[in-house]
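Morning, everyone. I'll just talk you through this one while you look at it, so here it is.

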Amino acid sequence: MKSAHRHIIRQAQDFAREVHQGDASGHDWWHVQRVTRIARILAHLEGANVYICELSAVLHDVADEKLNVSKEAGYERVRHWLKQAGAEASDQEHVLGIIGTMSFSGGTGSAMHTLEGQIVQDADRLDAMGVIGIARTFAYSGWKGQSMYDPSVPLRERMTLEEYRKGKSTAINHFHEKLLKLKDRMNTESAKLLADGKHQSLELFLEAYDKEWAMGNEAYL
Ligand code: ADP
Ligand code: NI
């Protein structure tokens, strides 16, 4: 990688570290570092532009709604940073396109148009899976004040509109609402391979959780 690019990535890391430090909503600096490392590995495996993947990964959650007044304000923050950092115009555009798609799609929606965007999205999704994804889900639930499990709370897809508006869910419900679906949402072949093992961890965890939860139930005894 060119030394000018290396320099911009280092500056972006300083900027993102400042933004994410102390966050307890699942967007801490360590998440950003893990996503950056996964993105780097995927970039090498897939033959993508490593600089664009790393830079986008470092900045990918700076624009997050939870860390800004609004999504738009977050996006502007990244746009402004890239400009003052002196990144090449076409690279600024590419990185902004990736971050815009990631933050405005809510994790489910619009497709990534470039291989680099697909890789950063895969890396972010991979970090929501496996045992780290499990830990993040419980940490996020605690931050949000929702319980780890409550059999009386229906899955979001089965909620009435009124229940849905209240936004109540549980950590265990989040597995069914999102985590277990991520395996089939990977863009690249390399990420699909990595997702397999992580998906297995999710299933093993849920199986053990159910067993312990049922302990003492008549049906169990
Ligand atoms: P990211 O874009 O980094 O995936 P999210 O805001 O979607 O960030 O989520 C941050 C972490 O919190 C992820 O691990 C995600 O699975 C978890 N999370 C998001 N929403 C919920 C929820 N409603 N309940 C429990 N965990 C959640
Ligand atoms: Ni993220």
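Let's start with a pair of helices: the axes of α1, residues 3-20, and α3, residues 50-59, come within 9 Å and cross at roughly 10 degrees. An angle under 35 degrees counts as roughly parallel, and therefore α1 and α3 are roughly parallel to each other. Before I go further, keep in mind that this is a predicted model.

So which residues of α1 and α3 meet? On the α1 side you've got H5, I8, I9, A12, Q13 and A16, and on the α3 side Y51, E54, L55, V58 and L59. By class, the residues of that contact split into 8 nonpolar, 2 polar and 1 charged.

Let me stay on L55 for a moment, which sits in helix α3. Buried or exposed, then, for L55? Well, 20 or more other C-beta atoms within 10 Å makes a residue buried, and L55 has 30 of them, so L55 is buried. If you skip the neighbours within four places in sequence, the contacts of L55 are I8, I9, A12 and V95. Three of those names, I8, I9 and A12, you just heard on the α1 side of the helix pair. And for a longer hop along the chain, take L55 and A123: they're 68 residues apart in sequence, and their C-alpha atoms are 13 Å apart in space.

OK, zooming out to domains. The chain is divided into domain 1, which is 1-109, and domain 2, which is 128-215. Their C-alpha centres lie 25 Å apart. How many residues are in contact between domain 1 and domain 2? It's 6 from domain 1 with 7 from domain 2. On the domain 1 side of that, we're looking at 3 nonpolar, 2 polar and 1 charged.

Now the ligand. Where does ligand 1 lie relative to the two domains? Both domain 1 and domain 2 give residues to the shell around ligand 1, so ligand 1 lies between them. There are 14 residues around ligand 1, and the ones that come nearest are G26, R136, T137, Y140 and H174. The elements that put two or more residues into that shell are α7, at 130-144, and α9, at 171-177. The largest share comes from α7, with 5 residues. As for chemistry, the shell around ligand 1 divides into 3 nonpolar, 7 polar and 4 charged residues.

One of those nearest residues is R136, and you'll find R136 in helix α7. R136 has 22 other C-beta atoms within 10 Å, so R136 counts as buried. Leaving out neighbours within four places in sequence, R136 is in contact with G26 and A128. G26, you'll remember, is also among the residues that come nearest to ligand 1. Compare R136 with R10 if you want a long stretch of chain: 126 residues apart in sequence, 26 Å from C-alpha to C-alpha.

Last stop, K168, in the loop between α8, which is 161-166, and α9. How exposed is K168? K168 has 16 C-beta neighbours inside 10 Å, so K168 goes down as partly exposed. Beyond four places in sequence, K168 is in contact with Q146, V153 and E163. And the C-alpha atoms of K168 and L155 are separated by 9.5 Å, with the two residues 13 apart along the chain.

That's my tour.

Conventions:
Residues are numbered from 1 along each chain as its sequence is written. Chains are lettered from A and ligands numbered from 1 in the order in which they are written. This is a predicted model: local features need pLDDT of at least 70, side-chain atom pairs count only at pLDDT 80 or more; totals for chains, interfaces and linings use all residues. Axes are lines fitted to C-alpha atoms, for helices over the stretch in contact, and angles run from 0 to 180 degrees between N-to-C directions. Helices (H or I, at least four residues) and strands (E, at least two) are DSSP runs, numbered from the N terminus. Angles under 35 degrees count as roughly parallel, over 145 as roughly antiparallel, 65 to 115 as roughly perpendicular and the rest as oblique. Two residues are in contact if their C-beta atoms, placed from the backbone, lie within 7 Å. Ala, Val, Leu, Ile, Met, Phe, Trp, Tyr, Cys and Pro count as nonpolar, Asp, Glu, Lys and Arg as charged, and the others, Gly among them, as polar. A residue is buried if 20 or more other C-beta atoms lie within 10 Å of its own, exposed if 12 or fewer, and partly exposed in between; C-beta atoms are placed from the backbone. A residue is near a molecule or strand if its C-beta atom, placed from the backbone, lies within 6 Å of it. Domain bounds come from an automatic or database domain assignment.
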